[in-house]
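Student: Could you take one part of this model and look at it closely with me? Please then show me how it sits in the rest.

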Amino acid sequence: MSRRIDKDEAAHLQYETEHTEPPKSRSVIVYMVILVAAAFLLLLLAYFMQLRTADTVEGLHQSVNSFQTIDQLVEDNRLLQEEVDRLKTENAELSDKLAQREETLRNTEEALSAATSDSRDSERRADALATLHQLRVLYNGKQYKDALALLKKHPDMEADLTLVNSEMSDEELKIYDPLAAYQRIAKLLGVE
């Protein structure tokens, strides 16, 4: 019988074990749920910390880029200032050259004007001498009316011949005096 009692007792113990939960198993489950919740909260906290760190790093990158941009702008400004200084110097040199060229041009224009005036004077003197020669030919050919007409066509002839005389030397004037020749012919033709 003792085997039977042992069997009954073993069956009863098995029934109680299967149908009754020990009080510790419930506390283990609660502990596990708390641990999982704490792990989830820690993961969530780590995620938010990572986002915050990433934002901070991005802000630092932008700050570094801003400093690099500022450094680049300062360098560009320095280079531009050097370029401005170089261009100012070049402009001053070009202004000096322009002033020199303008002075040279003025001198050339004055020389040209003087040469043109001299050329006109030379032309007037040459015309006066040619007219004097024609006048002598007409007078010597006894064409007095044509000689008078020629004198009237050239009213400034005496002034032009005065210029001719002023450029001639005393020795040349002793050989031939154009003004005196003109005055003699004009007096003979009755023109004063």
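Tutor: Let's start with Lys142, which counts as exposed because its relative accessibility is 62%. (Exposed means over 50% relative accessible area, buried under 20%, and partly exposed in between, with a 1.4 Å probe and protein chains only.) This is a predicted model, so local features need pLDDT of at least 70 and side-chain atom pairs count only at pLDDT 80 or more, while totals for chains, interfaces and linings use all residues. Residues are numbered from 1 along each chain as its sequence is written, and side-chain values use heavy atoms, with hydrogens and water left out.

Lys142 lies in the loop between H2 and H3. (Helices are DSSP runs of H or I with at least four residues, strands are runs of E with at least two, and both are numbered from the N terminus.) Its backbone deserves a look too. Most residues other than glycine have a negative phi. Lys142 is not a glycine, yet its phi is positive, about 60 degrees.

Now step forward to H3, residues 144-153. Ala147, Leu150 and Leu151 are buried there. Why do they share a side of H3? They cover an arc of only 100 degrees around the axis, which puts them on the same side. (The arc is that of the directions from the helix axis to the C-beta atoms.) The face turned away from that buried side carries Lys145, Lys152 and Lys153, which are exposed. A general rule helps here: an α-helix has 3.6 residues a turn, so residues three or four places apart point the same way.

H4 comes next, with residues 157-167. Its buried residues are Met157, Asp160, Leu161, Val164 and Asn165. They sit on the same side of H4, because their arc around the axis is only 145 degrees.

Next, step back to H2. Arg125 belongs to this helix. Arg125 counts as buried because its relative accessibility is 13%. Leaving out residues up to four places away in sequence, Arg125 touches Asp118, Asp160, Leu163, Val164 and Glu167. (Contact means heavy atoms within 4.5 Å.) Two of these names, Asp160 and Val164, appeared among the buried residues of H4.

H2 itself spans residues 23-140 and also holds Ala54. Ala54 counts as partly exposed because its relative accessibility is 42%. From C-alpha to C-alpha, Ala54 and Asp127 are 103 Å apart in space, with their positions 73 residues apart in sequence.

Finally, the whole chain. It has 6 helices and 0 strands. Its C-alpha atoms fill a box of roughly 200 × 30 × 25 Å along the principal axes. The radius of gyration is 64 Å, where a compact globule of 192 residues would have one near 16 Å. (That radius is taken over C-alpha atoms, and the globule rule is 2.2 Å times the number of residues to the power 0.38.) Of the 192 residues, 11% count as buried. Among contacts between residues at least 6 apart in sequence, 63% join residues at least 24 apart.
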